[in-house]
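This report describes how selected helices and residues are arranged in one protein chain. Please read it alongside the sequence and the model.

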Amino acid sequence: MTRRKPIWLATGILVAFGLLGVAAACGDDEDEAEQAVAHAVPEAVDSRAQLVAQFPADVQPLLADIPERVIAALWDVRQQVPGTVVFRMSAGELEDAQNRAYREEWGRITGWEVLQAGDFPTLADVKLQAESGNPEWDIVELGLANADLAADEGLLEKLDLSLLQHATDQYPEGYTYTDNWITYTQSMVVLVFRTDVYPLDGPHPEMVTDLFNTADFPGKRCIFGFPQYAGTLEYALVADGVAVDELYPLDVDRALAKLDTVKDDVVWWGTGGEAIQFIIDGQCDMGVVWHGRPAIRVRDEPDLPIAAVWDGAMLAPGALMILKDAPHYDAAMSLLAYSLTPQNQCDLLNDIGYGVPLDESCLSDFGVEWSVTAEHVAQSASDEDAAYYGANIDQLIEKFNAWLTG
């Protein structure tokens with residue numbers, strides 16, 4: 001894999017040496033040195049306009065709010081033979097929203113293409129690709145526990161954080177990054193309920209743990225038929241009185257005992273699409289759902305009789321990383337850097353509710369209601385302990401499945 005020196009770095013070095021040369025030639029003549037620096041400032045100011053001017057006129061407006069070093073990186077990629085950056089990450093509606101928000105724009109800017117190679121991969125999938133000697137993917141998504149494991153096993157490239165500084169300098173609470181991966185969204189596992197069953201002007205669920213309150217809110221409830229990612233065990237424990245800061249390590253027997261109290265009323269779902277569709281179809285009166293699913297449906301059908309409860313919801317982050325020996329490292333980095341700008345993230349959040357709210361002032365009413373904003377993070381009860389699941393998931397699946405089918 002050959003990496004070209006970014007044009008912004010070469011330009012910066014030339015400018016620096018140019019100024020040093022001016023200062024040396026002037027010796028102790030401070031007036032001449034100051035004059036030389038004064039003449040250099042307009043050139044530095046003009047460098048952004050010069051970079052933008054190299055691009056075709058029809059894509060120049062797309063660079064209006066993009067940091068200069070990212071523009072330079074995009075130009076550097078544009079000078080390479082056009083290729084395809086391959087993603088392996090969450091697909092479906094999220095993929096479509098990313099295409100609309102920034103992937104298609106990035107393609108117009110660079111002349112490259114973006115290909116989605118499949119849905120969310122497992123750590124084993126990533127390991128197989130990275131150790132193949134000829135990986136096909138560039139950017140992959142993993143949960144944080146698996147992201148750390150992948151980094152520890154040498155399966156990931158280091159990110160060029162200098163190209164992401166415009167984002168990381170203003171990353172909001174709940175959004176994290178390392179040298180090898182960066183959170184690109186937060187999902188909150190909200191409780192969604194039917195407002196024609198529990199009207200908003202009467203008693204209705206107000207905490208996620210009302211999922212277990214069958215006395216006040218009888219009816220069918222939808223729960224993820226898997227121990228991780230959607231609060232299946234955590235919400236049961238909190239409803240049973242466990243403090244959120246004492247959840248881990250999980251008391252699995254206690255969680256299953258609490259789930260026993262609603263088991264006869266549960267409709268189990270296996271995909272995010274099922275989670276919200278079962279509620280809309282009336283198979284469930286309430287259920288836990290990754291927040292983007294109801295967001296999409298409300299966006300497209302504003303009159304749907306559903307509402308979401310954020311209070312006590314659990315955060316579940318998704319992270320992106322570049323695979324070791326990825327065939328198109330420079331292009332992948334430029335795409336990550338371009339996507340993680342405030343306006344591009346607002347475009348994504350205003351479309352689907354997923355993304356990083358780097359600047360909440362550009363959020364639409366929909367974006368404010370359905371994104372994981374600072375307000376919603378403040379309402380969250382806990383983060384999923386990715387390290388705990390990374391170490392225990394196999395045993396948890398075995399025990400949960402035995403209980404589920406028992």
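Accessible areas are obtained here by the Shrake-Rupley method with a 1.4 Å probe. On that basis the protein chain exposes about 18000 Å², of which carbon and sulfur atoms supply 51%. The model is a predicted one.

**Overall composition**

The protein chain contains 16 helices and nine strands. It has 406 residues, and 50% of them count as buried. Among contacts in the protein chain with a separation of 6 or more, 71% are accounted for by residues 24 or more positions apart.

**Packing of helices α3, α4, α12 and α13**

Two packed helices are described by the angle between their axes and the distance between the axes. The table gives these values for three pairs.

| Helix pair | Crossing angle | Axis distance | Citation |
|---|---|---|---|
| α4 and α12 | roughly 125 degrees | within 10 Å | |
| α4 and α13 | about 150 degrees | 9 Å | |
| α3 and α12 | roughly 145 degrees | within 9 Å | |

Helix α4 spans residues 93-110 and helix α12 spans residues 329-339; their axes cross at roughly 125 degrees. This angle makes α4 oblique to α12. The crossing in which α4 passes α12 is right-handed. On the α4 side the contact is made by Y102, E105, W106 and I109, and on the α12 side by A331, S334, L335, Y338 and S339. By class, the contact of α4 with α12 comprises six nonpolar, two polar and one charged residues.

Helix α4 also packs against α13, at an angle of about 150 degrees and with the axes 9 Å apart. Angles over 145 degrees count as roughly antiparallel, and α4 and α13 are therefore roughly antiparallel to each other. The crossing of α4 past α13 is right-handed. From α4, the residues E93, L94, A97, Q98, R100, A101, Y102 and E105 take part; from α13, the partners are N344, Q345, D347, L348, D351 and I352. The contact of α4 with α13 divides into six nonpolar, three polar and five charged residues. Y102 and E105 of α4 thus appear in the contact with α12 and also in the contact with α13.

Helix α12 has a further partner in α3, and the axes of α3 and α12 cross at roughly 145 degrees. Here the crossing, in which α3 passes α12, is left-handed. V70, A73, L74, D76 and V77 of α3 meet D330, A331, S334, A337 and Y338 of α12. Seven nonpolar, one polar and two charged residues make up the contact of α3 with α12. A331, S334 and Y338 of α12 are among the residues in contact with α3, and they also belong to the contact with α4.

**Burial within helices α3 and α13**

Helix α3, residues 68-78, is mostly covered, with eight of its 11 residues buried. These buried residues are V70, I71, A72, A73, L74, W75, D76 and V77. Among them, V70, A73, L74, D76 and V77 contact α12.

In helix α13, residues 342-352, the buried positions are N344, Q345, C346, L348, L349, D351 and I352. The buried residues of α13 pack against α4, β4, α11, α12 and α14. Just after α13, G353 adopts a positive phi of about 90 degrees.

**Individual residues**

S187 is located in strand β4, residues 181-194. Is S187 buried or exposed? The cut-off for burial is under 20% relative accessible area, and at 9% relative accessibility S187 counts as buried. Leaving aside residues up to four places away in sequence, S187 touches W290, H291, M314, L315, A316 and Y354.

L142 belongs to strand β3, residues 139-142. With a relative accessible area of 0%, L142 is buried. Beyond residues up to four places away in sequence, L142 touches F120, P121, T122, L123, V126, A147, A150, G318, A319 and M321. The C-alpha atoms of L142 and A319 are separated by 5.7 Å, although these residues are 177 residues apart along the chain.

R297 lies in helix α11. Apart from residues up to four places away in sequence, R297 touches I276, Q277, I280 and L304. Its C-alpha atom is separated by 9.5 Å from that of I352, and R297 and I352 are 55 residues apart along the chain. I352 is one of the buried residues of α13.

How values were computed:
Residues numbered from 1 in each chain as written. Predicted model: local features only at pLDDT ≥ 70, side-chain atom pairs only at ≥ 80, totals over all residues. Heavy atoms only, no water. Axes fitted to C-alpha atoms, helices over the stretch in contact; angles between N-to-C directions. Helix = DSSP H or I, 4+ residues; strand = E, 2+ residues; numbered from the N terminus. Parallel < 35°, antiparallel > 145°, perpendicular 65-115°, else oblique. Left-handed = near helix turned anticlockwise from the far one by under 90°. Contact = heavy atoms within 4.5 Å. Nonpolar A, V, L, I, M, F, W, Y, C, P; charged D, E, K, R; others polar. Buried < 20%, exposed > 50% of the residue type's maximum accessible area, 1.4 Å probe, protein only.
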